[in-house]
Amino acid sequence: VTAVVLVHGGAHSGRIRPEREAPIRAGLRDAAEAGRTALRAGAGPVEAAVAAVAVLEDCEHFNAGYGAALNDDGEVELDAAVMNGATRRAGGVAVLSGYANPVRIAQALLAEGRHVLLAGEGAARFAERGGFERTPHLGLVTRRRFRRWHREQPAGHDTVGAVVCDAHGRVGAATSTGGPSLKAAGRVGDSPVPGGGIFADDRSCAVSASGSGERLLEAVAAHDVAARLSYLGLRVDEAVGAVLARVEGNAGLIAVDPDGNVGIAANTLLFRRALATGDEPVRIALLADEELR
Ligand code: ASP
């Protein structure tokens, strides 16, 4: 199988300011390359997806980790998860404050194997016990996010995620987000919930979603993509399209099956994404209907 790393930087209907386009492209490219580098070094698909997502968490132009959207109270509350298609085990954190790379904490939770989802203070304590370094609140907030919050401007959906198929046909996924800006404190979206905004099963595919978290959760969107492969025998590109047509809100979906076939669909103007296939140069697209190149 030709290994594939497909990343997204969120489905959203706003505009990208011209001066932000280059750094956004660079972030997407670096993320896909980080995933590929991890695979070449012998990492599994989850580790590679985490490596890709961590790059986007560190990039201020995406709504995850550093640069995440602020909630009603002006706080950063992060959701992230990982899922392994070979074991079908997941790990996720929700409503987590004070950590720049929640996806790595989700990965640690998966490794521990005791629980699937930890939220709030308990998630923070788990991170602390795991030796993750705390980032003070202001270390996560960018000027742009603060300005938007101050003007009560709801942000678009620019969650990040990655799906990976390795050379053995094993798949994995990772998703990370700050959620919609001005969300209520304590709100949990689709991103950390297996089946909602993330899913992985080597018998079908790996999926990562972006968009209206409430609608994606209700649609159990990520699992629905995989179910359509298993039950209906759809191809992965058909399955993401069929699920997208059912989600009653903004949405973008990426998926990869164990043969390395990818599916990409969004009903928003923008769906920022990058694809690394085998040793080919990374291909990028920002508009949902734009071809990767
Ligand atoms: N799906 C994310 C959430 O609702 C938001 C996004 O995709 O930007 O938390």
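Which residues in α1 are buried? Some notes on that and on one sheet follow.

1. A word on the basis: this is a predicted model, where local features need pLDDT of at least 70, side-chain atom pairs count only at pLDDT 80 or more, and totals for chains, interfaces and linings use all residues. Residues are numbered from 1 along each chain as its sequence is written, and side-chain values use heavy atoms, with hydrogens and water left out.

2. In α1, the buried residues (under 20% relative accessible area, 1.4 Å probe, protein chains only) are Arg-20, Ile-24, Gly-27, Leu-28, Ala-31, Ala-32, Gly-35, Arg-36, Ala-38 and Leu-39. Their cover includes β1 (4–12), α2 (45–58), α5 (143–150), β5 (160–165), β11 (270–277) and β12 (283–287), with contact meaning heavy atoms within 4.5 Å.

3. Helix α1 (residues 18–40) spans 34 Å from first to last C-alpha over its 23 residues, close to the expected 33 Å (1.5 Å times one less than the number of residues). Just after α1 comes Gly-42, with a positive phi of about 100°. Helices (H or I, at least four residues) and strands (E, at least two) are DSSP runs, numbered from the N terminus.

4. Now to the open sheet: its 4 strands follow the order β7-β8-β9-β10 with antiparallel pairing (at least two DSSP bridges between two strands). At the edges sit β7 (198–200) and β10 (262–266), each pairing on one side only.

5. Between β7 and β8 (residues 206–211) there are 3 bridges; Ile-198 has Ser-208 in β8 as its bridge partner.

6. Two helices lie across this sheet's strands: α7 (residues 221–232) across β7, β8 and β9 (251–256), at about 30° to β7, and α8 (residues 236–244) across β9 and β10, at about 20° to β10. Axes here are lines fitted to C-alpha atoms, for helices over the stretch in contact, and angles run from 0 to 180 degrees between N-to-C directions.

How values were computed
Buried < 20%, exposed > 50% of the residue type's maximum accessible area, 1.4 Å probe, protein only.
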